[in-house]
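Hi everyone, thanks for coming. Let me put the chain up on the screen, and then I'll walk you through it.

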Amino acid sequence: MDQKETGLDDTHPEGYRPWHDGDGGEAASHDAPDALLAADGDDQSRDSRSKPKECLSSLASKLHLGHQEQNSPSSSSSIPRPQTRRHHSHRLRDLWHVHSEALADLSDSTLYPELDWDAHLRRENTLSKAEADSLLKRKERIAQSEAFRQLAGVKEGEVVQPKDVPTVSLGGSGGGYRAMLGFLGFIEEFQREESSIWPLFSYTSGVSGSCWTLGTLYTVGRMDAAYLFDHFALTSSRHPLSLAAIDAVARSAKGTYFQLGPLLQKLHLKHLHPGPLDLYGTLLTSHLLLKSKDEGQEEEEPCLKREWYQWSRVFERCRIDQGEQPLPILTAVRHERPWKDWKAPGEQPFASSNHMSAEHQAAGSRTWWQWFELSPLEFGSDELEGWIPAWSFGRRFDGGKSTQRLPERSFSLLLGMCTSAPAGPLSAWLQTLYRNLPTGKFGDWLRKETDEWTAEHPEQTEKIQAHHPVHAMNEANPFFGAEKKEGRGEGFENSPRIHLIDAGISNNLPQVHFRPGREVDVVVMCDYSSDVQSGGAVQRLVEYGKERGYVVKKASADGERATKGGTGGDAASSEKHDAKGDEHTPTAEEIAQRFAGQYAQTLTLHPTHTGSGAAETSAVYNSRHQPQLLHEQTMVYLPLLPHAVQPGYDPSTAPFSSSYNLTWTDEQVQTIRKTARACAREGVVAVRSAIRAAYEKRKSERMDAEARRRYATHAGAS
């Protein structure tokens with residue numbers, strides 16, 4: 001595949017270094033050319049560019065930048081405390097430099113070489129050349145690794161064929177900091193030499209909180225989970241949106257730039273106005289990435305680095321291109337409501353305004369959440385058959401080609417988008433409340449009243465459920481004006497903007513392993529949802545299979561129990577109290593007995609389209625244009641459950657483990673770390689067994705195919 005097929009029109013300039021090792025202080029101080037800054041029809045003069053300073057002043061006032069807040073007793077001493085008036089004046093002076101530096105970045109091709117490139121939308125679901133090449137190199141590396149040879153029982157002197165190496169994907173669910181730290185604990189265990197599981201993954205993906213894990217692991221975390229835990233132990237005691245946390249970032253080198261620069265760039269381009277969730281993304285991500293001083297390192301104060309905010313650079317900096325690490329994939333979803341999308345200018349979606357009419361009822365049954373993925377290589381959706389280079393997300397597109405040349409969108413905005421649970425529709429919040437209504441007569445009465453009111457007031461219900469209390473981020477739609485296809489897009493190509501939110505709203509488990517071309521054999525799915533003890537997450541897998549063309553079949557006794565929707569949660573709930581009804585702290589023996597066999601559940605995702613006549617490499621789509629699973633996958637489901645190593649800690653019910661708690665003490669971080677690692681150890685045998693079985697299956701299929709070819713050749717010769 002040539003460069004145009006991958007979305008690159010221009011080659012890298014001679015001498016171009018894909019990684020800039022500085023801390024972001026080398027940005028040019030000149031203003032961006034008028035032609036670039038007016039690319040969206042904004043013909044303002046240079047003199048009028050001072051207007052964004054009014055926004056800076058407003059933002060500074062809202063953020064209380066320069067104001068002092070007392071640190072909590074649990075705050076780490078390695079992060080400096082608010083300082084003197086002299087330091088405040090320096091900070092306010094730096095604030096006014098953010099404007100000029102942010103605009104200068106819009107034309108600095110030394111820091112952002114993508115400013116010299118155009119991008120194209122690929123309307124196909126094949127893997128990009130870069131992904132296919134890196135996947136091959138990853139498999140070649142795995143085939144030569146001692147970890148895989150031992151796992152597969154390869155005899156000394158035997159050569160492992162890369163095509164026999166199964167494609168293994170690691171996924172992490174949502175669940176706030178519980179998911180972020182829980183996923184990190186699983187990864188830490190998989191990275192240990194005794195486990196040697198991490199070197200066997202070709203992909204890793206996350207939803208919501210697990211996106212924080214991957215975003216930090218591949219940037220500030222140095223691909224070392226143990227190192228990243230030490231990092232979080234120093235930062236997690238502050239709420240990321242607290243004044244103390246905001247102040248700590250603002251006092252670091254270029255901290256204010258990373259907090260406000262992306263917002264100013266977006267504001268300046270006029271067509272995309274930043275909103276509350278943009279600010280949420282820059283503040284939260286900068287807090288997560290703020291690196292404290294390391295032992296023996298020269299840094300004298302916390303710092304942020306520009307390279308951490310350029311997601312596409314991860315591909316080369318982490319040597320994914322050489323097959324040394326799995327490809328990370330972040331996820332987000334879009335609410336596909338056909339009657340709400342742009343059909344054509346002035347066109348009305350319904351002939352009747354009656355919400356009880358047949359066309360309204362039919363449309364209501366056709367709503368779904370459309371999945372998008374963002375890797376360091378590409379952004380796109382297999383449902384829409386469209387992919388653009390990751391560095392081009394945020395640019396305006398028309399007819400499948402970018403009409404702007406902008407720097408890569410700040411990673412803080414991307415990560416904020418993928419973790420923007422507050423932007424979910426009101427229906428998601430109401431469903432959560434509905435699921436958690438109390439049991440008994442009162443709960444039954446409340447459910448009955450709710451159901452009756454909903455049935456009697458369909459119009460009000462639709463309006464309430466469709467309402468988004470917090471507006472999603474505004475981003476340019478790369479599918480705008482692109483080629484249309486019957487049954488695909490539902491008119492989405494007529495919309496100039498795209499609104500994506502946290503994928504946990506749809507299914508709290510990542511679904512990137514279904515993308516055509518990846519042919520994933522084994523999925524290791526780590527679940528940190530609050531309902532892991534009730535089997536709700538696995539049941540969602542079963543329901544999602546109806547959309548993706550598979551049925552969940554048992555591959556073990558535990559798998560059979562999981563598909564029926566239970567993992568022992570009822571027993572766990574009933575044993576929390578003793579005979580007198582008092583709180584009872586379970587013993588290690590009780591925990592071990594209660595959750596025996598539930599830490600690793602092996603499931604088989606069996607395609608329903610087998611024997612349909614479609615070629616194995618071809619894609620089959622349903623009525624929503626969702627690609628269907630065409631080959632069998634094995635899933636090892638690993639939930640975060642209470643464990644005997646800490647019998648008094650239940651990750652699902654401990655108050656500090658709530659999905660909504662973003663303030664964790666060092667002790668609490670170490671608590672979930674210990675339990676997560678113990679749960680991961682329980683699943684190592686199941687994971688290794690699944691990978692070995694997939695290897696033996698691939699090897700057998702290859703040898704059978706070679707035997708058939710030899711027979712055909714011999715028969716033809718005779």
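Searching the whole structure turns up six cavities of 30 Å³ or more. A cavity here is a set of points, on a 1 Å grid over the protein atoms alone, where a 1.4 Å probe fits but cannot get out. The largest one holds about 150 Å³ of space, with volume taken as the space filled by probe spheres set on the points, which are joined across faces, edges and corners.

Who lines that largest cavity? There are 13 lining residues, meaning residues with an atom within 4 Å of a point. Nearest the centre are Tyr112, Tyr257, Pro262, Tyr309 and Ser410. By class, the lining has six nonpolar, four polar and three charged residues; Ala, Val, Leu, Ile, Met, Phe, Trp, Tyr, Cys and Pro count as nonpolar, Asp, Glu, Lys and Arg as charged, and the others, Gly among them, as polar.

Now, a word on trust. This is a predicted model, where local features need pLDDT of at least 70 and side-chain atom pairs 80 or more, while totals for chains, interfaces and linings use all residues. Residues are numbered from 1 along each chain as its sequence is written, and side-chain values use heavy atoms, without hydrogens and water.

The mean pLDDT (the predictor's confidence in each residue, from 0 to 100) is 79, and 71% of residues reach 70 or more. Over residues 1-53 pLDDT stays under 50, and the model has 102 contacts (heavy atoms within 4.5 Å) beyond four places in sequence for them. Residues 59-84 are also below 50.

Finally, 55% of the 718 residues are buried, that is, under 20% relative accessible area with a 1.4 Å probe, protein chains only.

Definitions and conventions:
Buried means under 20% relative accessible area, exposed over 50%, partly exposed in between (1.4 Å probe, protein chains only). On a 1 Å grid over the protein atoms alone, a cavity is a set of points where a 1.4 Å probe fits but cannot get out, and a pocket is an open set with protein on both sides within 12 Å along at least five of seven lines; lining residues have an atom within 4 Å of a point.
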